[in-house]
Amino acid sequence: MNNSGYILGIHYAHDATVALMKNGEVIEAMSEERLSRAKKHSGFPHEALTYIKNKYGNIPFDKIVLVGENAAHDGVVFTTKEQNLEGRKSVKQGDYFLRALGVRFPPFGLILFLRDLYLIKRDRFGVKKKVDKYIEEIFGKDQVSKIERIEHHHAHAWCAPLFVDDLTKKRIVLTLDGVGDGISGSVNVFDGKKIERMSSVSVDASIGMLYCGIVDILGMSRNEHEFKVMGLAPYAKATSGEKVYEKLKKLVWFDEE
């Protein structure tokens, strides 16, 4: 690592957060929700970034790393605090149910596919440029060449405790979540220096999305209360679990291979 050794990481989707590293060590991390008081804040973490700037002064970053929810949805950068709060008040279930229909009924799947193509095109020819200009305004033109975007599941993979012992051993790194940059999971190999993706799990096979759907049905908050469903499941009566299983096994199955 050259120069100052400072790397700034910015996550600007749900649970927006800023982290500052020096010579490979995290020296500061702040989530936007702690300062905005908007739980699970979505959008660019302005207040968290201001907090770190005020605390550490004008740092010459070696690299600024951006981790977004999805390249085609870079527009979330421009979400205001008011829009974030309004979004939490409303229950936006439509997209998840549409995707479920898309799996079951191909015509719906085609519509969603065409919509996603539009979003990607919009990113490539519009939103991404606006985001780059926005970042340039925040950090200054001389810092733009240091900006790097990291794909969602690649970022997850690097969060694994890879450097705890012998780096000559290869390791398999698995990632699983609801969805990020178009997939819901990945199988990777770490060789001591780099991470190479061997396979990925499609969004249509997302177990995380299944939990989202169950949380919706129970009237809880998606992307927030799934842990309750997971954690409380073992406390159910066996007879209750069997009733649920009989329904779920028609929706979810596993490939034996």
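Helices (H or I, at least four residues) and strands (E, at least two) are DSSP runs, numbered from the N terminus. The model is predicted, so local features need pLDDT of at least 70 and side-chain atom pairs count only at pLDDT 80 or more, while totals for chains, interfaces and linings use all residues. Residues are numbered from 1 along each chain as its sequence is written, and side-chain values use heavy atoms, with hydrogens and water left out.

**Positive phi angles**

Asp 15 lies in the loop between β1 (6–11) and β2 (17–22). Its phi is positive, about 60°, although Asp 15 is not a glycine. With a relative accessible area of 27%, Asp 15 is partly exposed; buried means under 20% relative accessible area, exposed over 50%, and partly exposed in between (1.4 Å probe, protein chains only). Lys 40 is likewise not a glycine and has a positive phi of about 55°. It sits in the loop between α1 (32–36) and α2, and its relative accessible area of 17% makes Lys 40 buried.

Positive phi values are listed here by residue and place.

| Residue | Place | Phi |
|---|---|---|
| Asp 181 | turn of the β6–β7 hairpin | about 50° |
| Gly 192 | hairpin of β7 and β8 | near 105° |
| Gly 57 | following α2 | near 75° |
| Gly 219 | just after α7 | about 80° |

**Strands β6, β7 and β8**

Strand β7 (residues 183–190) is largely enclosed by the rest of the structure, because 6 of its 8 residues are buried. On one side of the pairing scheme, β7 runs antiparallel to strand β6 (residues 171–180), and 7 bridges join them. Two strands pair if DSSP finds at least two bridges between them. β6 and β7 form a hairpin with 2 residues between them. β7 also pairs with strand β8 (residues 195–202), in the antiparallel sense and over 7 bridges. The hairpin of β7 and β8 has 4 residues between the strands. Gly 185 has Val 201 of β8 as its bridge partner.

Thr 175 belongs to β6, and its bridge partner in β7 is Ser 186. Thr 175 counts as buried, at 5% relative accessibility. Its side chain makes a polar contact with the side chain of Ser 186 at 2.6 Å and another with the side chain of His 153 at 2.8 Å. A polar contact is a pair of N or O atoms within 3.5 Å; within protein, one must be able to donate a hydrogen and the other to accept it, and residues adjacent in sequence count only if both atoms are side-chain atoms.

**Helices α2, α3 and α7**

In helix α2 (residues 46–56), the buried residues are Ala 48, Leu 49 and Ile 52. They lie on the same side of α2, because they cover an arc of only 100° around the axis. The arc is that of the directions from the helix axis to the C-beta atoms.

The buried residues in α7 include Met 209, Cys 212, Val 215 and Asp 216. Their arc around the axis is only 115°, which puts them on the same side of α7. At the start of α7, a side-chain oxygen of Ser 206 comes within 3.3 Å of the backbone nitrogen of Gly 208.

Glu 82 is in helix α3 (residues 81–89) and is exposed, with a relative accessible area of 57%. Its C-alpha atom is separated by 9.2 Å from that of Ala 38, and the two residues are 44 residues apart along the chain.

**The second largest pocket**

Rolling a probe the size of a water molecule over the atoms shows where empty space is left. On a 1 Å grid over the protein atoms alone, a pocket is an open set of points where a 1.4 Å probe fits, with protein on both sides within 12 Å along at least five of seven lines; lining residues have an atom within 4 Å of a point.

The second largest pocket has a volume of about 790 Å³, the volume being the space filled by probe spheres set on the points. Its lining consists of 23 residues, and Ile 214, Val 229, Ala 233, Val 244 and Leu 248 lie nearest its centre. α7 (207–217), α8 (226–232) and α9 (238–248) each supply at least two lining residues. α9 gives the most, with 7 residues.

By class, the lining has 17 nonpolar, 2 polar and 4 charged residues. Ala, Val, Leu, Ile, Met, Phe, Trp, Tyr, Cys and Pro count as nonpolar, Asp, Glu, Lys and Arg as charged, and the others, Gly among them, as polar.
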